[in-house]
Amino acid sequence: MYFDWITWSIWSLGFIILVMWIVIPLKEFFKLKKDRDEDS
C-alpha cells in the first residue's frame, strides 16, 4: 500500500510535468501565430 502511494506520486508528478511541457509551448506558439496574423 505504502509503496503504491509512492509510485503513484512519482508517476503523477511526471505526468503533470509532461502535460506542462506540451501545453506551455503550444500556448506560446498560438500567441506568436496570432501576433503574426495581426501584423500581416
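**Nonpolar patch, aromatic contacts and salt bridges**

In the predicted model, a nonpolar surface patch of about 1,200 Å² is formed by Trp8, Trp11, Phe15, Leu18, Val19, Trp21, Ile22, Val23, Leu26, Phe29 and Phe30. Two of its members, Trp21 and Ile22, are described here in more detail. Ile22 belongs to helix α1, which spans residues 2–39, and Trp21 is likewise found in helix α1. With a relative accessible area of 66%, Trp21 is classed as exposed, because this value is over the 50% cut-off. Ile22, at 45%, is partly exposed. The C-alpha atom of Ile22 lies 15 Å from that of Ser12, the two residues being 10 positions apart along the chain.

A search of the whole structure for aromatic contacts returned three aromatic pairs. In one of them, Trp8 and Trp11 meet edge-to-face, with a centre-to-centre distance of 5.7 Å and an angle of 70° between the planes. Both residues lie in helix α1, three residues apart, or about one turn of the helix. Trp11 also pairs with Phe15, in a stacked arrangement with 5.5 Å between centres and 5° between the planes. The spacing of Trp11 and Phe15 is four residues in helix α1, so about one helical turn separates them. Trp8, Trp11 and Phe15 together constitute one aromatic cluster, and these three residues are also listed among the members of the nonpolar patch. Within the cluster, Trp11 is exposed, with a relative accessible area of 51%, whereas Phe15 is partly exposed at 44%.

Charged side chains were examined next. Side chains of opposite charge can pair when their charged atoms come close. Two salt bridges were found in the whole structure. One joins the side chains of Lys33 and Asp37, with an N to O distance of 3.8 Å. Lys33 and Asp37 are both in helix α1 and stand four residues apart, about one turn of the helix. Each is partly exposed: the relative accessibility of Lys33 is 36%, and the relative accessible area of Asp37 is 43%.

A salt bridge also links Glu38 to Lys34, whose closest N and O atoms are 3.7 Å apart. Glu38 and Lys34 are separated by about one helical turn, because they are four residues apart in helix α1. Glu38 has a relative accessible area of 56% and is therefore exposed.

Conventions. Residues are numbered from 1 along each chain as its sequence is written. This is a predicted model: local features need pLDDT of at least 70, side-chain atom pairs count only at pLDDT 80 or more; totals for chains, interfaces and linings use all residues. Side-chain values use heavy atoms; hydrogens and water are left out. Helices (H or I, at least four residues) and strands (E, at least two) are DSSP runs, numbered from the N terminus. Buried means under 20% relative accessible area, exposed over 50%, partly exposed in between (1.4 Å probe, protein chains only). Patches are made of residues with over 30% relative accessible area and no salt bridge: like charges are joined within 9 Å, nonpolar side chains (Val, Leu, Ile, Met, Phe, Trp, Tyr) within 5 Å. Accessible areas come from the Shrake-Rupley method with a 1.4 Å probe; for residues, only the protein chains shown count as cover. A salt bridge is a side-chain nitrogen of Lys or Arg within 4 Å of a carboxyl oxygen of Asp or Glu. Rings of Phe, Tyr and Trp (its six-membered ring) pair if their centres lie within 6.5 Å; planes under 30 degrees apart count as stacked, over 60 as edge-to-face and the rest as tilted.
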